[in-house]
Amino acid sequence: MSVLFHSSEFLLPSSSSFPAEHRRSSTYALVLLNQRLPKFTPLLWKHAQLRLCADGGANRIFDELPLLFPHLDALDVRNSYKPDVISGDMDSIRTEVLDFYAKQGTKIFDESEDEDTTDLHKCVAYILQSMPNLEESNLCILVAGALGGRFDHEIGNINVLCRFSTTRIILLSDDCLVHLLPRTHHHEIHVDSSVEGPHCGLIPIGMPSGSTTTNGLQWDLTDTKTKFGGLISSSNKVKGEKVRVLSDTDLLWTISLKKE
């Protein structure tokens, strides 16, 4: 079974800030949801080659990004941070926001006829269709504003991780990140203590885990059974710069993010 390497180098100003042996050759796409944007959203924007707003996520960049640059004119900020695409069922975006970005050349996709998938699902599907020549192993989709707010929205976002389990998707808030560790691989997670940790968790998703083994946690698991209604590895801590995980089922990995 091959090893899948994970890192959070997108939280650093440049990949050169991350140790060379831990760097990935990633192409980033950014999706902004209709939830309070993390303070590091401009950094994610800089890393991304494709930037999408899921419906009301456009309201967030219109309203909140200028607040992150109080020394700049709000209109100048809005002109500098123009999404490539706005997609969704268009039930949340304000008319003046939609008109502003449409005039700026943003592509608008009204997918209100599709009531069976979330706006995040629609955005991920668009990214995969628009980058057909990019190997999935090199694509990383960053989702800002994915955690916090309504619990059913959070669960819907986690469900997208499972529905696109072969695509690297990372849910982000100011407090933590969450992504899937598919059972098809061993996993090696490189931790940069300047931006993340130490608190972390491993959560079985979809079905109980009959066997999970870790190395690099304060409370490591050894061939451990985990399930909802039983043991789950929450409120754990990373001990160093590397965590290894092997499981017979898909797991969610979450780690806290440092406050400035």
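## Exercises on a predicted model

In this predicted model, the axes of helix H2 (residues 57-64) and helix H4 (residues 95-103) come within 10 Å and cross at roughly 85 degrees.

**Exercise 1.** Classify the packing of H2 against H4, then describe the contact by residue and by class.

*Solution.*
- Step 1. Take the crossing angle, roughly 85 degrees.
- Step 2. Angles of 65 to 115 degrees count as roughly perpendicular, so H2 is roughly perpendicular to H4.
- Step 3. List the contact residues. H2 brings Ala58, Asn59, Ile61 and Phe62. H4 brings Val97, Phe100 and Tyr101.
- Step 4. Sort them by class. The H2 contact with H4 has 6 nonpolar residues, 1 polar residue and no charged ones.

**Exercise 2.** Describe the largest pocket by volume, lining and helix contributions.

*Solution.*
- Step 1. Start with the space. The largest pocket holds about 410 Å³.
- Step 2. Count the lining. It has 22 residues, and Leu33, Asn34, Asp119, His153 and Asn157 lie nearest the pocket centre.
- Step 3. Assign helices. Helix H5 (119-130) and helix H6 (151-163) each give at least two lining residues. H6 provides the largest share, 5 residues.
- Step 4. Split the lining by class: 5 nonpolar, 10 polar and 7 charged residues.

**Exercise 3.** Locate the annotated domain and give its secondary structure.

*Solution.*
- Step 1. Read the record. An unreviewed UniProt entry places "domain: Thiamin pyrophosphokinase thiamin-binding" at residues 185-251.
- Step 2. Check the ends. The end C-alpha atoms of residues 185-251 lie 11 Å apart.
- Step 3. Read the composition. The span is 54% strand and 0% helix.

Note on methods:
Residues numbered from 1 in each chain as written. Predicted model: local features only at pLDDT ≥ 70, side-chain atom pairs only at ≥ 80, totals over all residues. Heavy atoms only, no water. Axes fitted to C-alpha atoms, helices over the stretch in contact; angles between N-to-C directions. Helix = DSSP H or I, 4+ residues; strand = E, 2+ residues; numbered from the N terminus. Parallel < 35°, antiparallel > 145°, perpendicular 65-115°, else oblique. Contact = heavy atoms within 4.5 Å. Nonpolar A, V, L, I, M, F, W, Y, C, P; charged D, E, K, R; others polar. UniProt positions renumbered as here; feature names shortened; annotations may be inferred. 1 Å grid on protein atoms, 1.4 Å probe; cavity = no way out; pocket = protein on both sides within 12 Å on 5 of 7 lines; lining within 4 Å. Points joined across faces, edges and corners; volume = space filled by probe spheres on them.
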